[in-house]
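Colleague: I have a new model on my screen and little practice in reading one. Could you take me through it, feature by feature?

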Amino acid sequence: MSPRPDVSEERKDQILAAATKVFTERGFFDARMDDIVAESGLSKGALYWYFDSKDAIIVGILDRIFDWESSHLDEILEREVSAQKKLELFIETSFQDINKMEPLMPIFFDFWSLSVRNKTINKAIKRYYQSFIELVEPIIDLGIEQGEFLPVNIKETAVAIGALFEGTILFYAYFTDILNLETQFRTGLDLIMDGLIVKS
């Protein structure tokens, strides 16, 4: 008798996809676990087997998104190019990932607001920011070592790049009628690079 296949990851993906759709349509606060059950097509028991609360589902959604983003960004660090090119590719790839996830922005804003008071969600988002900083820092360090970048504070510069992304997204949420997301990102990138690169 052949062993029973492990479908746990498939079931988790099914639940997280359903939850993402429900959260996007209804908002986190109005969404119920029963709504996610109905959208997933699974039983309530199956849902609670993998996720015992909406908070746990949020962490699952965030972890999947962050892991997917990190896998793209890790590849850039391995490329045999200058530090400046790595940083430009890193920011460009990050922007492309964010652009693909624009339809999910409403639920991200729900998550960010929840993270102020919810320790579980706060920890998940903080873990993402920390991983982002840890990916950027070696690029800046390499640029300084190779004489491409000015001798800036590495961590503070990495945080400034992260703040460029988060701040631009926040402004875009309020000014979608007058602000072009890509143009604003590139303006911020140009300013950062101009203050970072050693002028010949």
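Modeller: We will go from the overall fold to single residues.

Modeller: One caution first. This is a predicted model.

Colleague: Understood. How many helices and strands are there in the protein?

Modeller: Start with the elements. The protein has 9 helices and 0 strands. Read from the N terminus, the order is α-α-α-α-α-α-α-α-α.

Colleague: What box do the C-alpha atoms fill?

Modeller: Take the principal axes. Along them, the C-alpha atoms fill a box of roughly 65 × 50 × 25 Å.

Colleague: Which share of the 200 residues is buried?

Modeller: Buried has a cut-off: under 20% relative accessible area. In the protein, 43% of the 200 residues are buried. As for the surface, the accessible area comes to about 11,600 Å². Carbon and sulfur atoms account for 54% of that surface.

Colleague: What can contacts tell me about the chain?

Modeller: Look at how far apart the partners are in sequence. Take the contacts with a separation of 6 or more. Of these, 66% join residues 24 or more positions apart.

Colleague: Which residues have the most contacts inside the largest nonpolar core?

Modeller: That core has 61 residues. Those with the most contacts inside it are Phe23, Ile36, Ile57, Leu62, Leu87, Phe111 and Ile161. Several helices give two or more residues to this core, among them α1 (8-26), α4 (54-77) and α8 (154-174). The largest share, 10 residues, comes from α7.

Colleague: Let me zoom in on one core residue. What does Ile57 touch?

Modeller: Leave out residues up to four places away in sequence. Then Ile57 touches Leu16, Ala19, Phe23, Met33, Ile36, Leu47 and Phe51.

Colleague: Is there a general rule for which way residues point along a helix?

Modeller: Yes. An α-helix has 3.6 residues a turn, so residues three or four places apart point the same way.

Colleague: Which residues of α2 are buried?

Modeller: They are Met33, Asp35, Ile36, Val37 and Ser40. Then check what comes after the helix. α2 is followed by Gly41, whose phi is positive, near 80 degrees.

Colleague: Asp35 is on that list. Why does Asp35 count as buried?

Modeller: Compare its value with the cut-off. Asp35 counts as buried because its relative accessibility is 9%, and buried means under 20%. Asp35 also forms a salt bridge with Arg32, with the closest N and O atoms 2.9 Å apart. Arg32 itself is partly exposed, at 48% relative accessible area.

Colleague: How many salt bridges does the structure hold?

Modeller: It holds 14. Look at a few pairs. Arg11 and Glu10 form one, with their closest N and O atoms 3.7 Å apart. Arg11 is partly exposed, with a relative accessible area of 25%. Lys199 pairs with Asp194, at 3.8 Å between the closest N and O atoms. Both Lys199 and Asp194 are exposed.

Colleague: Which residues are linked in a network of salt bridges?

Modeller: A network links Glu9, Lys12, Asp13 and Arg64.

Colleague: And the charges as a whole? How many positive and negative side chains does the protein have?

Modeller: Count each sign, then compare the centres. There are 21 positive and 34 negative side chains. The centres of the two sets lie 7 Å apart.

Colleague: Now some polar residues. Is Asp110 buried or exposed?

Modeller: Find its helix, then its accessibility. Asp110 sits in helix α6. It counts as buried, at 17% relative accessibility. Beyond its neighbours within four places in sequence, Asp110 is in contact with Gly27, Phe28 and Phe29. For a distance along the chain, try Leu150, which is 40 residues from Asp110. Their C-alpha atoms are separated by 38 Å.

Colleague: Where is Ser115?

Modeller: Ser115 is in helix α6. Its relative accessible area is 11%, so Ser115 is buried. Leaving aside neighbours within four places, Ser115 is in contact with Ile121, Asn122 and Ile125. Ser115 and Lys126 are 11 residues apart in sequence, with their C-alpha atoms 9.2 Å apart.

Colleague: Let me try the last one, Thr168. Thr168 lies in helix α8. Its relative accessible area is 8%, so Thr168 is buried.

Modeller: Good. Now add the contacts. Not counting residues up to four places away, Thr168 touches Ala163, Leu181, Gln184 and Phe185.

Technical notes
Residues are numbered from 1 along each chain as its sequence is written. This is a predicted model: local features need pLDDT of at least 70, side-chain atom pairs count only at pLDDT 80 or more; totals for chains, interfaces and linings use all residues. Side-chain values use heavy atoms; hydrogens and water are left out. A nonpolar core is a set of buried Ala, Val, Leu, Ile, Met, Phe, Trp, Tyr and Cys residues joined through side-chain atoms within 4.5 Å. Buried means under 20% relative accessible area, exposed over 50%, partly exposed in between (1.4 Å probe, protein chains only). Helices (H or I, at least four residues) and strands (E, at least two) are DSSP runs, numbered from the N terminus. Contact means heavy atoms within 4.5 Å. Accessible areas come from the Shrake-Rupley method with a 1.4 Å probe; for residues, only the protein chains shown count as cover. Lys and Arg count as positive and Asp and Glu as negative; His and the chain ends are not counted. The place of a charge is taken as NZ of Lys, CZ of Arg, CG of Asp or CD of Glu. A salt bridge is a side-chain nitrogen of Lys or Arg within 4 Å of a carboxyl oxygen of Asp or Glu.
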